[in-house]
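Reader: I am new to this structure and would like a close look at a single part of it, the sheet and what is packed against it. Could you take me through that part slowly, one step after another?

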Amino acid sequence: MHEWSIGKAIVDAVTNFAKGKNARRVLRVDILVSEIAQLDLDVLREAYKILTQGTLAEGSKLNIEIEKAEFTCNNCGYKWTLKDIGDIFSDLAKKYGIVDEEGTIDLPTHYMPMAIHALIACPQCKSMNFSLNITRSVEIKAIEIER
Ligand SMILES: [Zn+2]
């Protein structure tokens, strides 16, 4: 369960920060989640709620902001987003036989961002040399504490 391990990492970071500041409790945590992380946010919220029980962060509010992935081709300079390449994923899904009996396509995005460079090419020049604006799948942006 990807969401639970990420939830654990967030809770550890938040509680360590709060302890370091001699906080009485954590009130609010803002995180930025990349759309490429393909996380189930409901599961992540539930994991956060359960994992914070008995810690300084118990009862704190978790705000989740989604960061849109933007790709830039290093060869021709073309920019595109994940939405633009939805068709590419559909083709890949068919190619690799990951379409279930109902015809639902299971996008191979669960393996991102590790596999992203192997799966995506520039829609304009087909170069696989591109940059992504996102470096981490989840980032803590702000932590509000009460002293
Ligand atoms: Zn290109």
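**The sheet and its surroundings**

Author: A good place to begin is the pairing of strands E1 and E6, which run in the antiparallel sense and are joined over 8 bridges. One of the residues to look for here is Arg25, whose bridge partner in E6 is Glu146. Please keep in mind throughout that this is a predicted model.

Strand E1, which covers residues 25-34, also pairs with E2, but this time in the parallel sense and over 7 bridges. Two of its residues can serve as landmarks on this side: Ser34 has Glu67 of E2 as its bridge partner, and Val29 is bridged to Leu62 of E2. In general, the strands of a sheet pair through backbone hydrogen bonds, and the sense may be either parallel or antiparallel.

Taken together, these pairings give an open sheet of 3 strands in the order E2-E1-E6, and the pairing within the sheet is mixed. Strand E2 (61-67) and strand E6 (138-146) are the edge strands, each of them pairing on one side only. On average, and with direction ignored, neighbouring strands of the sheet are turned by 15° against each other. Helix H1, made of residues 2-20, packs on this sheet, where it touches both E1 and E6 and runs in a direction that makes about 40° with that of E6.

H1 has a second partner in helix H2, and the two pack at an angle of about 45°, with their axes 9 Å apart. Because angles under 35 degrees count as roughly parallel and those from 65 to 115 as roughly perpendicular, H1 and H2 are oblique to each other. The crossing in which H1 passes H2 is right-handed. On the H1 side the contact is made by Glu3, Trp4, Ile6, Gly7, Lys8, Ile10 and Val11, while H2 contributes Val43, Leu44, Ala47, Tyr48 and Leu51.

Within H1, Ile10 is worth following, for beyond its neighbours within four places in sequence it is in contact with Ile31, Tyr48, Val138 and Ile140. Ile10 is also one of the residues that touch the most other members of the largest nonpolar core, a set of 19 residues, and it shares this distinction with Val11, Val14, Val26, Val29, Tyr48 and Ala57. At least two residues of this core come from each of H1, E1 and helix H2 (41-51), and H1 gives the most, with 5 residues. There is also a second, separate core of 7 residues, with Phe71, Cys73, Cys122 and Phe130 among its members.

To finish, consider the loop that lies between H1 and E1, which is where Asn22 is found. Asn22 is not a glycine, and yet its phi is positive, at about 55°. Asn22 counts as exposed because 8 other C-beta atoms lie within 10 Å, and the limit for this class is 12 or fewer. A residue elsewhere in the chain can be read alongside it, namely Lys126, which has a positive phi of about 70° although it is not a glycine. Lys126 sits in the loop between helix H4 (116-119) and strand E5 (130-132), and with 10 C-beta neighbours inside 10 Å it, too, counts as exposed.

Definitions and conventions
Residues numbered from 1 in each chain as written. Predicted model: local features only at pLDDT ≥ 70, side-chain atom pairs only at ≥ 80, totals over all residues. Pairing = 2+ DSSP bridges. Helix = DSSP H or I, 4+ residues; strand = E, 2+ residues; numbered from the N terminus. Axes fitted to C-alpha atoms, helices over the stretch in contact; angles between N-to-C directions. Contact = placed C-beta atoms within 7 Å. Core = buried A, V, L, I, M, F, W, Y, C linked by C-beta atoms within 7 Å. Buried ≥ 20, exposed ≤ 12 C-beta atoms within 10 Å, placed from the backbone. Parallel < 35°, antiparallel > 145°, perpendicular 65-115°, else oblique. Left-handed = near helix turned anticlockwise from the far one by under 90°.
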